[in-house]
Amino acid sequence: MIPETDLLAPLRRYWGYSTFRPLQERIVRSLLAGRDTCVVMPTGGGKSLCYQLPAVVSGGTAVVISPLIALMQDQETQLAQMGIPAAVLNSTMNEAEQNKVMSKARDGAYRLLYVSPERVARGDTMGWMQQVPVTFFAIDEAHCISEWGHEFRPEYRQLNRLRTKFPDRPIAAFTASATRHVRHDILAQLQLRNPDKYIASFYRSNLRYLVRECEGREQMEMLLKALESYAGSNVIVYSPTINRVEETVDFLEDHDIAAVGYHGKMDGADRRRAQERWMSDDVRVLVGTIAFGLGINKAAVRAVIHLSLPKSIEQYYQEAGRAGRDGASADCVLLWQKKDAGLLGFFANQITDAEERNRAWERYRIIREFVESKCCRHRQICTHFGETPKWAGCGSCDVCGSVAEWMAQPATPGKNAVRGKKRMTVRPVVAAGAGAEEPFLDELREYLREWRRVVAKETSVPAYIVLHDSSLEEICRRQPKVLAELLEIPGIGERKAEVYGQEILKALEKFRQGERVGASERAAKPGDETLRLLNEGRTLEEIAQARGRQVSTIVSAVANLVETGQVEFRSEWVSKEKQSVIEAACVKAGMERLKALKDILPPEITYDEIKLVVGKMRREEALRKAIPA
C-alpha cells in the first residue's frame, strides 16, 4: 500500500490541495491496488480526481471513457495547465491527428487518454490499445450502460469487451446518479470482479428543494421573482424545448435580466461561446435544455430552476445538483405545470419497445409522486436511490417548511441586473472599515472575475481552468501579497502558480491601488435588435439567422411588436388568402387561444402565420377601443 505522504505530495503539487474530500483517498488507493471499483458520488463530489491522481502516481496510462467530447477536451486542457500529459482521441480530429495521438499513446507519453464509448466499439480500437501501457480503465457516466438508467446508450454495452481483451486490468465505474438496480446492472454489464464499492450519501444538506405547481403566466412571473432574489449570482434555468429556451432568454432580457441560451440546435462554436460567457461570469443566467450541464465545473451556482417536469428523479437530481457545488447554500427550484405531466405521458406512449415504455411510465409515476407528495423532498430522493435516512424531515425543503421569500413577494423586474460587458476603471481607494468589508470583498470578487474572463479569452481556455471559483473566493478572503502565500490557496498547485501566480498578484496590487470594474452602457433589448433588423429590410428568416434564433421565436417577437404598434404588419409575411381565412377563424373562435384557431384552420396554415395575423387583429381592436364613440 502506498504511504499517505506519497499521495498528499502529488495532490498538493498538481491540484493544490492538502486534504482529500470524503471517499477520494480510499478510491484512489483501490485503483492503485489494482482493484475493480464502483463509485457513486454526487455531482461536484470530486470524481475526476479519483482517477486522475492514481493515473499520475502509477506512471502508466489510464484510459478514461466519456460520452462528451467537450468535457474530454476541457479535462485535457486542465491537465495540461497542471503539467500532466493527457490526450483526447475523438471523431472531430483528422486522421493525421488521430494517428499522432495513437502513436504517442503506444509510447506511453500520456498519463490519461480520453476516448468515447463509440471509439471503444470500433473494430480496430482494441488492437492498438493493447499496445498502450494501460494501468486501468475509468468509465464516466457509467449509468449509461444500464437499460434501467435514465440515459441508456447502447454503445456503452460494447464496453464489456474491455474485460475480455484486458483481463488483468482494473476497471472503475463512476456515476452521480444510479439507483440500486442500476448499480447492480453496472457491475454485471462490466463484469467487475469483487469490486470495491463506494456509495456516497445522496443527501446534500446545503441544497434547498422548492417545488411549486404553476399555471400559465404565473410561471414566468415566479421566474422573475426568483432571478431578482438571486441578482448577481450564477443561475441555471432549464427549459423544456429549444423554442422555450429562446423565448425565455428574450423575455428575461426584455425585463433587464441578461441571459444566454444553450440548446442542441446551436452549432458547436455558439454553444461553447454561450457556455464560456456564463462560466466566466460575463452573463450570470444561462437558460438551456437538458443538453446543457454534463461536466460543467462551476462551483458557485446559487440556483438551478426547472421550468418543466423532468422525466425522472435521476435526471432531476443530476441537474439540480449543479447548484451549490462549493458547499454554500443554494436553491433547487421546480416550477411545473399540469401540461408537463401530459407531455411526459405522451412521449412515454411513443416508445415502441414494451419494456422500455413500461420503464418510462414508472419514471413518470415516480417524478409525479415526487412533486405532488407531502413527504420531505430530500428523503424522497435518498430513498429512491436506496439510502434510508434516520431522519424524517430535513428543514430545507418546501414540504418541511422552508420557503423562499421571493415566492411570496411581488416582482420588481430588472433590479440590480448586471448587463453588457465590463471595463476597468480607477477610483480613489477607500479603506475597508467597519461595515465596509462585504462591499469591498464584492468589488474584489468582481474584479478578479473580470481579470479571469480577460485571461481566459486571451489564452482560449475556459475561465474555470484559469482559476476555479473556490480558489477565486479564497484569494478574495486571504488577499495574498507574495507567491508563497498564493501557494497556500486550495486549488493553486505549483504549475498554476508558475503560469498565473505573478499575474494574480499584480491584479491584486492594482485593485489595492484603486482599479475597479465598471459597467458599460446598457445593451440593447432583444426587441430593439429585432426592430432594427426589420427596419433594415431583413426577412424574418434573415433576422433569425443574424440573432441565432429559431424562426418561430422571431415570429413571436415580431407578432408582439405588431400588437404593440411598434411595427406595421407586412403583406409578404402572410398571403392575402390565408390572412382572410385566419381573420374569419378569429371572428368565430376568438383570439385568446392559438391552438383553438389552429384546430379549425386548414392544416397548411402554420402557427407562425396565425401569430402574425392575430397580432395585427389585436392591434386593430385596441385602436378601435381607444377611439371615443
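Helices (H or I, at least four residues) and strands (E, at least two) are DSSP runs here, numbered from the N terminus. With that in hand, we can walk through the structure above.

First, some ground rules. This is a predicted model, in which local features need pLDDT of at least 70 and side-chain atom pairs count only at pLDDT 80 or more, while totals for chains, interfaces and linings use all residues. Residues are numbered from 1 along each chain as its sequence is written, and side-chain values use heavy atoms, with hydrogens and water left out.

How confident is the predictor? The pLDDT (the predictor's confidence in each residue, from 0 to 100) averages 87 for the protein, and 92% of the residues score at least 70. Over residues 413–424, however, the pLDDT is below 50, and this stretch has 41 contacts in the model beyond near neighbours in sequence, where contact means heavy atoms within 4.5 Å. Residues 426–435 also stay under 50 in pLDDT, and for them the model has nine contacts beyond four places in sequence.

Let us turn to the loop between helix 16 (377–384) and strand 14 (422–426), where S396 lies. Is S396 buried or exposed? S396 is buried, with a relative accessible area of 12%; the scale used here is buried under 20%, exposed over 50% and partly exposed in between, with a 1.4 Å probe and protein chains only. Apart from neighbours within four places in sequence, S396 is in contact with S205, L207, R208, Y209, H378 and S402.

Helix 16 also packs against a partner, helix 15 (residues 354–372): their axes come within 10 Å and cross at roughly 160°. Axes are lines fitted to C-alpha atoms, for helices over the stretch in contact, and angles run from 0 to 180 degrees between N-to-C directions. Helix 15 and helix 16 are therefore roughly antiparallel to each other; angles under 35 degrees count as roughly parallel, over 145 as roughly antiparallel, 65 to 115 as roughly perpendicular and the rest as oblique. Helix 15 passes helix 16 in a right-handed crossing, that is, with the near helix turned clockwise from the far one by less than a right angle, whereas anticlockwise would be left-handed. On the helix 15 side the contact involves I366, E369, F370 and V371, which meet R377, Q380, I381 and H384 of helix 16. Sorted by class, this contact has four nonpolar, two polar and two charged residues. In that scheme Ala, Val, Leu, Ile, Met, Phe, Trp, Tyr, Cys and Pro are nonpolar, Asp, Glu, Lys and Arg are charged, and the others, Gly among them, are polar.

Next come helix 10 (residues 218–229) and helix 11 (residues 242–254), whose axes come within 12 Å and cross at roughly 55°. That angle makes helix 10 oblique to helix 11. Helix 10 contributes Q219, M220, L223, L224 and L227 to the contact, and helix 11 contributes R244, T248, F251 and L252. These residues divide into six nonpolar, two polar and one charged. The crossing of helix 10 past helix 11 is right-handed.

Following helix 11 onward, we reach D256, in the loop between helix 11 and strand 10 (259–262). What is the phi of D256? Its value is near 65°, which is positive in a residue other than glycine. Most residues other than glycine have a negative phi. D256 is partly exposed, at 24% relative accessible area. S460, in the loop between helix 17 (437–459) and helix 18 (463–466), likewise has a positive phi, of about 60°, although S460 is not a glycine. S460 is exposed, with a relative accessible area of 66%.

Another loop serine is S308, between strand 12 (301–306) and helix 13 (313–320). S308 counts as buried at 13% relative accessibility, and touches Y238, P240, L334, L335 and D340, not counting residues up to four places away in sequence.

Our last helix pair is helix 25 (residues 576–589) with helix 27 (residues 607–626), whose axes come within 10 Å and cross at roughly 65°. The two are therefore roughly perpendicular to each other, and helix 25 passes helix 27 in a right-handed crossing. Here K578, Q579, I582, E583 and C586 in helix 25 meet E609, I610, V613, V614, K616 and M617 in helix 27. The residues of this contact divide into six nonpolar, one polar and four charged.
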